[in-house]
Every structure is written in structure tokens, then in C-alpha cells.
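Here are my notes on the structure shown below, written for someone meeting it for the first time. Please read the points in order, with the structure open beside them.

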Amino acid sequence: MVTLTLNRPQSFNALSEAMLAALTEALDTLVADESVRAVVVAGAGKAFCAGHDLKEMRAEPSLDYYQQLFAHCTAVMLAIQRLSVPVIARVHGIATAAGCQLVAMCDLAVASRDARFAVSGINVGLFCSTPGVALSRNIPRKAAFEMLVTGDFVDAEHARELGLVNRVADPDSLDDEVDALLSHIVAKPRAALAVGKALFYRQIETGISAAYDDAGATMAANMMDPCALEGVQAFIEKRPPTWGR
């Protein structure tokens, strides 16, 4: 397991250009590391992530700069989704704007009971368009739109009810809850998780007939993997599987 910690606590881990560059480098490194079973994204200090660094954004107000900045952020978000292992957001404090987007783009999320979520750009006249892409693929459409047009905060329990996070824990039990989820993941074959994650996101973005075609082909190929063959045989023989992970 690898933990990527956003480490700008003095600015609530705002996603500066340097932070995005560091995340890009870290994710590129993880792509090639087959020893990694899961990734946790966490934040240092009092918050998970407050979104983009607005002071930095205002220092260079040009259309070209903003287009490049949001394209870079999008590339980071998609890299998380394309990583072959599950990525878990460990959320405490606030996760706002692109910080909320980051939670939504992680495969799973565990939140402290004191965590709060918002896509609050509208409060400064900026509709959170790119965070809205991720948010609307995590929670019901009307709930997502309400968050986008009001900028209101959602607490951790409501975020769980909406489907933005999987689990909620007391602040002093947050790491234990993350570890409990990780233990379930790393007990499964890495190869099966990799093909499953890739298929999961492909089929979401296509029609149901094409999704079934893709899923059937993927599952047939997965069935021929040694881990699956061993797992099924172990089930038949009523014994624990012996996997080379």
C-alpha cells in the first residue's frame, strides 16, 4: 500500500501547480510498480483539500493559462481512475471544489465524521464545471446540481447517504477504518482487481448492450487467469485459495 499525502497544510492542501506536478510524477511512478496493491490519498494538517490555489490562479489571469491549468488537473484526475489498483481517499476536515472532485475521482472514500464537502466555486462566481463531471458520476443528478448551484456544504453522513463516500468513522478511528477497507482489498488477487477496475469505468460510460459485451469478454478472459482458476477450484474443494498475488 502507498499513501500519497497532500502536504500544503498552511493552505489547506490547495492544488497548486507544484502540487499537481508532484501528483503527476507520483502517479506515473505507481503505474509501473506492480508491487503496489492499493493507494491512499490523504491530506496533511487540518483539511483534506480546499481545491485549486485561488491566489496562484489570480496571479496570471489569462485564458491560455487557465485552460492549461484545468487540463493538467483533469489529467491528474483521470490518472487516478486509470491506475490499475484501487485508490482510497482518506478525508478529514474540508474537501471543497477540486478537493471534492478528488474525492469523487478516487475509487473509494473513507471520511472522518467531521469532514465536510462542497463544490463552492459558485460562491465566488465560478461554477465548478470540472468538479461537476466527477460529482455527477458519484451522486444522484439533482443532489449534484444542488451542490453545484448553492455551494452549500454536505456533512460526512449525508455524503455517505448520497454515495460520495463509502464509510464514515470517528476522527480517532479514521485510520483504522481505512486499514479495514484496505485489508479486504489486498486479500484479493491484484490481476482480478486490475481488470475489474478497468472494466468498471469503461462500462459506466457506454450503453447497456455494449457494456454487457465488454463485461462478458472481460470476465471470460479473467476466468482463464491462474488466480481465478485457483479460486474456483478452491471453492469447489472447500479450502482457502492459494494465490500468487
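1. A convenient place to begin is Ile88, which stands opposite Leu108 in E5. E3 and E5 are paired in the parallel sense over four bridges, where two strands are said to pair if DSSP finds at least two bridges between them. Helices (H or I, at least four residues) and strands (E, at least two) are DSSP runs, numbered from the N terminus.

2. Before going further, the basis of these remarks should be clear: this is a predicted model, in which local features need pLDDT of at least 70 and side-chain atom pairs count only at pLDDT 80 or more, while totals for chains, interfaces and linings use all residues. Residues are numbered from 1 along each chain as its sequence is written, and side-chain values use heavy atoms, with hydrogens and water left out.

3. The pairing of E3 with E5 belongs to an open sheet of five strands, which has the order E1-E2-E3-E5-E8 and parallel pairing. Its edge strands are E1 and E8, each of which pairs on one side only. On average, neighbouring strands of this sheet are turned by 20° against each other, direction ignored; the axes behind such angles are lines fitted to C-alpha atoms, for helices over the stretch in contact, and angles run from 0 to 180 degrees between N-to-C directions.

4. Going through the other pairs of this sheet, strand E1 (residues 2-6) joins E2 in the parallel sense over five bridges, and Leu6 is placed opposite Gly43 in E2. E2 is also paired with strand E3 (residues 87-91), again in the parallel sense, over three bridges, with Val39 opposite Val87 in E3. Towards the other edge, E5 and strand E8 (residues 167-169) are parallel partners over three bridges, and here Ala111 stands opposite Val168 in E8.

5. How much of strand E2 (residues 39-43) is covered? Five of its five residues are buried, a word used here for under 20% relative accessible area, with exposed meaning over 50% and partly exposed in between (1.4 Å probe, protein chains only). In a regular strand the side chains alternate between the two faces of the sheet. In E2 both faces are covered, since Val39, Val41 and Gly43 on one side and Val40 and Ala42 on the other are all buried. Strand E5 (residues 108-112) is mostly covered as well, with four of its five residues buried.

6. E1, H1 and E2 together make a right-handed β-α-β unit; a crossover is right-handed if, with the strands pointing away from the viewer, the path from the first strand over the helix to the second runs clockwise.

7. The loop between E1 and H1 deserves a careful look at its backbone. Phe12 lies in this loop and has a phi near 55°, a positive value in a residue other than glycine. Asn13 is found in the loop between E1 and H1 too, and its phi, near 60°, is likewise positive in a residue other than glycine. Phe12 counts as partly exposed, because its relative accessibility is 40%, whereas Asn13 counts as buried at 0%.

8. The axes of helix H1 (residues 17-31) and helix H3 (residues 63-82) come within 10 Å and cross at roughly 35°. The residues that make this contact (heavy atoms within 4.5 Å) include Leu20, Leu23 and Leu27 of H1 and Leu69, Cys73 and Val76 of H3. The residues of the contact divide into 10 nonpolar, two polar and one charged, where Ala, Val, Leu, Ile, Met, Phe, Trp, Tyr, Cys and Pro count as nonpolar, Asp, Glu, Lys and Arg as charged, and the others, Gly among them, as polar.

9. Is His52, in the loop between E2 and helix H2 (54-59), buried or exposed? His52 is buried, because its relative accessible area is 12%. Leaving aside neighbours within four places in sequence, His52 is in contact with Ala14, Leu15, Met57, Leu69, Phe70, Cys73 and Ala98.

10. A further open sheet has three strands in the order E4-E6-E7, with mixed pairing. Its edge strands are strand E4 (94-96) and strand E7 (154-155), each pairing on one side only. E4 and strand E6 (residues 116-118) run parallel and are joined by three bridges, with Ala95 opposite Phe117 in E6. Helix H4 (residues 98-105) packs on this sheet, touching E4 and E6, and its direction makes about 95° with that of E4.
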